[in-house]
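Colleague: I am new to this structure and would be grateful for a guided introduction. May we proceed by question and answer?

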Amino acid sequence: MTTFSNGAELQDALRRHDYIADDEFATVVHLATALERPLLLEGPAGVGKTELAKALAAVGGRRLVRLQCYEGLDDSRALYEWDYAKQLLHVQMLRDRIGELLGQYPDVADASRFLAEQDFGLYSEAFLSVRPLLDAVLSPEPVVLLVDEVDRTEESMEALLLEVLAERQVTIPEVGTFTARSMPWVILTSNDTRELSPALKRRCLHYHVGYPTLEREREIVTARAPEVSSGTAGQVVELARTLRDLPLRKSPSISEVIDAARAASVMEGVAPESNPVIDMRDVLLSTLLKYTGDVDLVKNRLDGSASVPVPAAATVPAERVTVASNPANTTTAVFRGRGGGGRAAAASGARR
Ligand SMILES: Nc1ncnc2c1ncn2[C@@H]1O[C@H](COP(=O)(O)OP(=O)(O)OP(=O)(O)O)[C@@H](O)[C@H]1O
Ligand SMILES: [Mg+2]
């Protein structure tokens, strides 16, 4: 088990596990662990909220316990469930013994009363199927508890979370109250699909995880896809940043940028003669964007028009496919694949 004395130390440890956090974020995460307060992370999809919990478990030497939230999540999935099969087996094993005892009561009502007064130990910890919340509280070794996408559950579920987070205890009517055996580091994530209750927010440190700066995103791509050259990584990141400024239905997330960088790197590695005339830009857009409308919008904005006349260069066989072989400091450089670039290939029928 590892603890960290400051944000910078935690930041370094996270980086060694390929998680790149900026100074402020690392400091907030460190504070949450030092103060043993739950940390609520909000922000768009794919910016590293869930991954933070995984990385934190890795650097802290703790087990990751994950509660994936969804509509309809209830106590039996979040907290505990009685293990009916085990209880039944237990009773069957006791059957002969119980039969002997019941022999003393020829009257059914007496026998029934006798049974009701017995404690067969069926409602004890041994017969509990422990679910993530209870698991995190009962674990003798401290864990990282990830309550992922908490905004997907109903508010009623928040009351349960609150009891666990605030009191660090769980009450099971048949058994009693279990107090935490260890203190979990708790990370909650939300995509902001609904407003979380003020009571939940009050008990958590809160941090909005946004898109990273250019340098940090480049660092993330290099950490996650070391096979990609730094030039290619830089240009793909630049492309993604340009796209994020457009009014898209779904902006490219970090994970999509990593995919795009890998794709660009694979295409660079293909021998020129075995490359068909393809549009590098279109291929990258297919990894970065998820809606046809967004792809059209981007092409329109960046080409000026979706249907562009065919430049003569379009039909000239091109050099090796590369995003890095173009001037790095222009966004459109990323789009130029081979043979005169996107417009050429688009007009030559290679458009998706
Ligand atoms: N700061 C980061 N350092 C390293 N990798 C990152 C970072 N942020 C994102 N990633 C990469 O992006 C991927 C997606 O991140 P993650 O699943 O944590 O996103 P999320 O914010 O939980 O998204 P969603 O809201 O859709 O669940 C990760 O698997 C990781 O490869
Ligand atoms: Mg997530």
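**Overall architecture**

Modeller: The protein chain contains 17 helices and nine strands. Please bear in mind that this is a predicted model.

Colleague: What percentage of the 352 residues of the protein chain count as buried?

Modeller: A residue counts as buried if 20 or more other C-beta atoms lie within 10 Å of its own. Applied to the 352 residues of the protein chain, this criterion gives a buried share of 34%.

Colleague: Among contacts with a separation of 6 or more, what share is made by residues 24 or more positions apart?

Modeller: Two residues are in contact if their C-beta atoms lie within 7 Å. Of the contacts in the protein chain with a separation of 6 or more, those between residues 24 or more positions apart account for 79%.

**The ligand**

Colleague: Which elements give two or more residues to the shell around ligand 1?

Modeller: Ligand 1 is surrounded by 19 residues, and the closest are A45, G48, K49, T50 and E51. Two or more residues of this shell come from each of helix 3 (49-60), helix 11 (214-224) and helix 13 (254-269).

Colleague: How many residues of the shell around ligand 1 are charged?

Modeller: Asp, Glu, Lys and Arg are the residues that count as charged. The shell around ligand 1 has nine nonpolar residues and six polar ones, and the number of charged residues is four.

Colleague: Between which domains does ligand 1 lie?

Modeller: The shell around ligand 1 receives residues from two domains. Because both contribute, the ligand lies between domain 1 (7-74 + 137-208) and domain 3 (214-336).

**Helix 13 and I258**

Colleague: Which helices are among those that cover the buried residues of helix 13?

Modeller: Helix 13 has 16 residues, and its first and last C-alpha atoms are 23 Å apart, close to the expected 22 Å. Its buried residues are I254, E256, V257, I258, A260, A261, A263, A264 and M267. Their cover includes helix 11, helix 12 and helix 14.

Colleague: Is I258 buried or exposed?

Modeller: I258 belongs to helix 13. Leaving aside residues up to four places away in sequence, it touches V221, R224 and A225. Because 23 other C-beta atoms lie within 10 Å of I258, the residue is buried.

Colleague: What distance separates the C-alpha atoms of I258 and E217?

Modeller: I258 and E217 are 41 residues apart along the chain. In space, their C-alpha atoms are separated by 9.3 Å.

**Helix 15**

Colleague: Where on helix 15 do the buried residues fall?

Modeller: Helix 15 (residues 292-303) has D294, V298 and K299 as buried residues. Viewed down the helix axis, these buried residues fall within an arc of 130 degrees, so they line one face of the helix.

Colleague: Which exposed residues does the face of helix 15 turned away from its buried side carry?

Modeller: The cover of the buried residues of helix 15 includes helix 12 (230-244) and helix 14 (280-288). On the face turned away from the buried side, the exposed residues are T292, G293 and D296.

**Helix 9 and its surroundings**

Colleague: What span should the 13 residues of helix 9 have?

Modeller: In helix 9 (residues 155-167), M157, L161, V164 and L165 are buried. They pack against several elements, including helix 8 and strand 5 (143-148). The end C-alpha atoms of helix 9 are 18 Å apart, which agrees with the span its 13 residues should have at 1.5 Å a residue, namely 18 Å.

Colleague: Which residue with positive phi follows helix 9?

Modeller: The loop to examine runs between helix 9 and strand 6. The residue there is not a glycine, yet its phi is positive, near 50 degrees. The residue that follows helix 9 with this phi is R168.

Colleague: What is phi of E149 near?

Modeller: E149 lies in the loop between strand 5 and helix 9. It is partly exposed, with 18 other C-beta atoms within 10 Å. Its phi is positive, although the residue is other than glycine, and is near 60 degrees.

Colleague: Which residues does D135 touch, not counting those up to four places away in sequence?

Modeller: D135 is located in helix 8 (residues 132-138). It is partly exposed, because 18 other C-beta atoms lie within 10 Å. Apart from residues up to four places away in sequence, D135 touches V65 and V130.

Key: Residues are numbered from 1 along each chain as its sequence is written. Chains are lettered from A and ligands numbered from 1 in the order in which they are written. This is a predicted model: local features need pLDDT of at least 70, side-chain atom pairs count only at pLDDT 80 or more; totals for chains, interfaces and linings use all residues. A residue is buried if 20 or more other C-beta atoms lie within 10 Å of its own, exposed if 12 or fewer, and partly exposed in between; C-beta atoms are placed from the backbone. Helices (H or I, at least four residues) and strands (E, at least two) are DSSP runs, numbered from the N terminus. The arc is that of the directions from the helix axis to the C-beta atoms. A residue is near a molecule or strand if its C-beta atom, placed from the backbone, lies within 6 Å of it. Domain bounds come from an automatic or database domain assignment. The expected span of a helix is 1.5 Å times one less than its number of residues.
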